[in-house]
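Please examine the charged side chains of the protein shown below. The paragraphs that follow consider how they pair with one another and where they lie.

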Amino acid sequence: MIKAAFFDVDGTLLSKSTNHLIPPSTKAALAELRRRGVKCVLCTGRPPIQLPPCIAEGFPGFEGGFDAYVTMTGSLCYDAEGTYFDVRIDRDPCERLVEQIEAGAFDAIVLTRENSWASCDSERIHELERMVASTYPIHDPRLSLDEGIYQFCVFVPPAEQGRVEQIMSDCIVARWCDLFCDVVPATSSKPTGVRATMEHFGLEGAEAIAFGDGGNDATMLQYCTVGVAMGNGTDEAKVAADYVTDNIEDDGIANALRHFGLID
C-alpha cells in the first residue's frame with residue numbers, strides 16, 4: 001500500500017505553461033490523497049526560500065502545505081517539527097568550484113540554507129529566473145563558504161558537464177535540464193531525501209510513489225516502488241519511470257493517481 005507520495009516542483013507541480021501555479025486538478029488530487037491518509041512530500045532542487053506560497057503554505061483543502069519538504073536535491077529535509085536531515089558540501093570542494101567561478105570558468109547559482117545567490121549577471125541566469133519565476137541577487141560566492149553551501153547550479157551544456165564532474169569528483173552532479181547541472185554533496189540525493197523521510201515517518205521503503213520530469217528525478221523514480229514521469233518530462237525521466245502520465249497541464253498527476261487507484 002502506498003503511504004507516501006513525493007512530488008518534484010518544476011515541470012511536475014509548476015511550469016511556465018501553468019503560469020507557475022499548481023493546476024486545479026492537481027490541487028484536488030493532492031487534497032484527496034491527503035484525505036486518504038497518504039503523506040504528501042515535496043522533493044525538489046529548490047531551496048526553501050524559493051518555494052512559492054501555494055507550495056510552502058498550501059491552499060484551500062490542503063492547508064499547511066506538504067507534510068514534509070525534501071529540498072536542495074535531498075540535502076535539507078524538514079517538516080513542521082523541524083529539520084530531520086541536513087548535509088552540506090564539504091568546504092574543500094566548495095573552494096575548488098568557487099575558484100573556478102571567480103576565474104570566469106562558469107556562471108553559477110549558490111544555494112545556502114537561507115539564501116540563493118547568482119555569481120554574475122548573465123543571460124543564462126536570467127533564463128533560469130524566467131523558468132522558475134524567481135530572481136537571484138548577485139553575490140560573491142566566496143562569502144557563502146562560511147555560511148555553508150548545500151548546492152551549486154553550474155551553467156554548462158550537457159556536452160561540457162564532464163568539466164564540472166572532474167572538478168567536483170567527490171560530489172554528485174545531476175541535471176534537470178540542458179541549461180545547468182546541479183552539484184550536491186556525495187551523501188545527498190533525492191533518493192537519500194526520500195529514504196530519510198520514510199524513516200522519519202516510520203514507513204517502509206516499499207510504500208512510496210514519486211513524480212518527476214527531469215534527469216535529476218531519474219534516481220528518485222527508480223528508487224521508489226512506483227515512479228511516474230510527466231508526459232512533458234525528459235527521456236531520461238521517462239526511461240527511469242514505471243509509468244508515463246500526461247503533461248502537467250493535462251491533469252498528469254491526477255490521471256496517474258487514478259491509474260494506480262490512489263484517488264477516485
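With which residue does Lys190 form a salt bridge? In this predicted model, the partner of Lys190 is Asp217, and the closest N and O atoms of the pair are 2.5 Å apart. Lys190 belongs to helix α6, which spans residues 190–200, whereas Asp217 sits in the loop between β13 (208–212) and α7 (218–223); the contact therefore ties together parts that are 27 residues apart in sequence. Both ends of this bridge are covered. Lys190 has a relative accessibility of 1% and counts as buried, and Asp217 is likewise buried, with a relative accessible area of 0%. The pair also has a further member: Asp8 is linked with Lys190 and Asp217 in a network of salt bridges.

The structure holds 16 salt bridges, and two others illustrate how such contacts join separate elements. One of them is formed by Glu102 and Arg142, with the closest N and O atoms 2.9 Å apart. Because Glu102 lies in helix α3 (residues 91–102) and Arg142 in the loop between α4 (123–132) and β10 (151–154), this bridge ties together parts that are 40 residues apart in sequence. Glu102 is partly exposed, at 42% relative accessibility. Arg142 is also partly exposed, with a relative accessible area of 33%.

The other example involves Arg124 and Asp107, whose closest N and O atoms are 2.9 Å apart. Arg124 is located in helix α4 and Asp107 in the loop between α3 and β8 (108–111), so the salt bridge connects parts separated by 17 residues in sequence. Here the two partners fall into separate accessibility classes: Arg124 is partly exposed, with a relative accessible area of 37%, while Asp107 is buried, at 11%. The value for Asp107 falls in the buried class because that class covers relative accessible areas under 20%.

Attention may now turn from paired charges to a group of like charges. Asp246, Glu249, Asp250 and Asp251 gather on the surface in a patch of negative charge. Residues of such a patch take part in no salt bridge, because this is a condition for belonging to one. Asp251 is found in the loop between β15 (243–244) and α9 (252–259). With a relative accessible area of 33%, Asp251 is partly exposed, which means that Asp251 satisfies the requirement of over 30% for a patch residue.

Technical notes. Residues numbered from 1 in each chain as written. Predicted model: local features only at pLDDT ≥ 70, side-chain atom pairs only at ≥ 80, totals over all residues. Heavy atoms only, no water. Salt bridge = Lys/Arg side-chain N within 4 Å of Asp/Glu carboxyl O. Helix = DSSP H or I, 4+ residues; strand = E, 2+ residues; numbered from the N terminus. Buried < 20%, exposed > 50% of the residue type's maximum accessible area, 1.4 Å probe, protein only. Patch = residues over 30% accessible without salt bridge, like charges linked within 9 Å, V, L, I, M, F, W, Y side chains within 5 Å. Areas by Shrake-Rupley, 256 points an atom, 1.4 Å probe, with all protein chains shown as cover. Lys, Arg positive; Asp, Glu negative; His and termini not counted. Charge placed at Lys NZ, Arg CZ, Asp CG, Glu CD.
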